[in-house]
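Student: I would like to learn how the labels on a model like this are earned. Could we take them one at a time?

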Amino acid sequence: MHKAMLIAIALLLGIFPSLEAADEASFDIVADKPYTEEDWEWTADVTSLYGNDNAYGNPIAQGESIIVNLPAFGMNGDEEMFRFGFTTNHLVNATVSISLSPFINTIDETEIIPVIFTAEMTGVTDKPAGFSGSGDPGRTETAEPLSMYGETITWEMMRSPLTPIIGSGDWGIYTGTVIVMAGFRSPHAGESLAGKKWAMPISVTLTVEGQ
């Protein structure tokens with residue numbers, strides 16, 4: 001068995017200091033990565049898509065949160081909230097879990113707005129000539145959490161020994177993407193709640209095992 005190192009990166013998605021639950025909101029990456037595989041390259045990130053004119057979205061940095069504009073939210077159907085992305089040049093064991101919460105009043109965390117979430121998961125492998133094998137092509141799931149992190153969507157993107165995506169001398173790449181959208185059962189569900197600040201706390205955990 002290869003000697004392995006444990007890499008942990010945490011990106012906190014806090015709501016506001018007044019929210020006791022803010023400490024629970026996090027983006028964690030945990031990797032079990034052999035020292036011997038120096039050509040293994042991978043990246044992971046979470047990007048806010050809500051309220052953006054930028055089609056690529058904005059990276060979510062430590063301490064940031066997604067603040068929702070009510071009552072305009074969802075007037076034209078579900079809205080994109082954030083995107084999780086994972087790329088690697090090796091097939092590996094990779095699982096992402098996304099724990100979802102209702103919208104929460106930033107002043108009074110006991111006040112919530114139930115939301116229906118849709119997660120679109122897509123896995124694509126750019127395979128060079130002579131290489132076969134891929135990960136889960138993805139799927140779509142919905143969730144309606146009624147408490148803090150009340151629903152978790154887990155996607156096992158790949159389950160494979162560490163295998164370089166290479167064939168005929170050319171490297172390929174695997175890209176796993178999750179886009180999370182949100183909406184109300186009624187387009188005007190938040191109408192009476194205007195004037196308050198509402199936040200979307202999220203928790204994303206990616207586990208990557210290289211052996």
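Tutor: Gladly. Arg159 forms a salt bridge with Glu209, with the closest N and O atoms 3.5 Å apart.

Student: Why is the contact between Arg159 and Glu209 called a salt bridge?

Tutor: A salt bridge needs a side-chain nitrogen of Lys or Arg within 4 Å of a carboxyl oxygen of Asp or Glu. Arg159 and Glu209 have their closest N and O atoms 3.5 Å apart, so the pair meets the 4 Å limit. Side chains of opposite charge can pair when their charged atoms come close.

Student: What makes this pair a tie between separate parts of the sequence?

Tutor: Arg159 lies in the loop between β13 (151–158) and β14 (163–164), while Glu209 belongs to strand β19 (residues 202–209), so the bridge ties together parts that are 50 residues apart in sequence. Strands here are DSSP runs of E of at least two residues, helices are runs of H or I of at least four, and both are numbered from the N terminus.

Student: Before we go on, where do these values come from?

Tutor: This is a predicted model, in which local features need pLDDT of at least 70 and side-chain atom pairs count only at pLDDT 80 or more, while totals for chains, interfaces and linings use all residues. Residues are numbered from 1 along each chain as its sequence is written, and side-chain values use heavy atoms, with hydrogens and water left out.

Student: How do you know whether Glu209 is buried, exposed or partly exposed?

Tutor: Buried means under 20% relative accessible area, exposed means over 50%, and partly exposed is in between (1.4 Å probe, protein chains only). Glu209 has 33%, so it is partly exposed. Arg159, at 45%, therefore counts as partly exposed too.

Student: Which other salt bridge does Arg159 make?

Tutor: Its side chain also meets that of Glu156, at 3.2 Å from N to O. Glu156 has 39% relative accessibility, so it counts as partly exposed.

Student: How many salt bridges does this rule give?

Tutor: The count comes to four. One of them joins the side chains of Arg139 and Asp136 at 3.7 Å, N to O. Arg139 has a relative accessible area of 29%, so it is partly exposed; Asp136, with 25%, is therefore partly exposed as well.

Student: What about the aromatic rings? How many pairs are there?

Tutor: The structure holds four aromatic pairs. Rings of Phe, Tyr and Trp (its six-membered ring) pair if their centres lie within 6.5 Å; planes under 30 degrees apart count as stacked, over 60 as edge-to-face and the rest as tilted.

Student: Why are Trp40 and Trp42 called a tilted pair?

Tutor: Their ring centres are 6.4 Å apart and their planes stand at 35 degrees, so the pair is tilted. Trp42 also pairs with Phe86, again tilted, at 6.0 Å centre to centre with 55 degrees between the planes. That second pair links distant parts of the chain: Trp42 is in strand β3 (residues 42–48) and Phe86 in strand β6 (residues 79–88), 44 residues apart.

Student: How do you know that Trp42 and Phe86 are buried?

Tutor: Trp42 has a relative accessible area of 16%, so it is buried. Phe86, at 0%, therefore counts as buried. Ring pairs link Trp40, Trp42, Phe86 and Tyr174 into a cluster.

Student: What makes the meeting of Ser99 and Thr152 a polar contact?

Tutor: A polar contact is a pair of N or O atoms within 3.5 Å; within protein, one must be able to donate a hydrogen and the other to accept it, and residues adjacent in sequence count only if both atoms are side-chain atoms. The side chains of Ser99 and Thr152 make theirs at 2.9 Å, so the distance satisfies the 3.5 Å limit. Ser99 sits in strand β8 (residues 93–100) and, with a relative accessible area of 15%, is buried.

Student: What is notable about the phi angle of Tyr149?

Tutor: Phi of Tyr149 is near 55 degrees, a positive value in a residue other than glycine. Tyr149 lies in the loop between β12 (138–143) and β13, and its 16% relative accessible area makes it buried. Ser168 also has phi near 55 degrees, but with 63% relative accessible area Ser168 is exposed.
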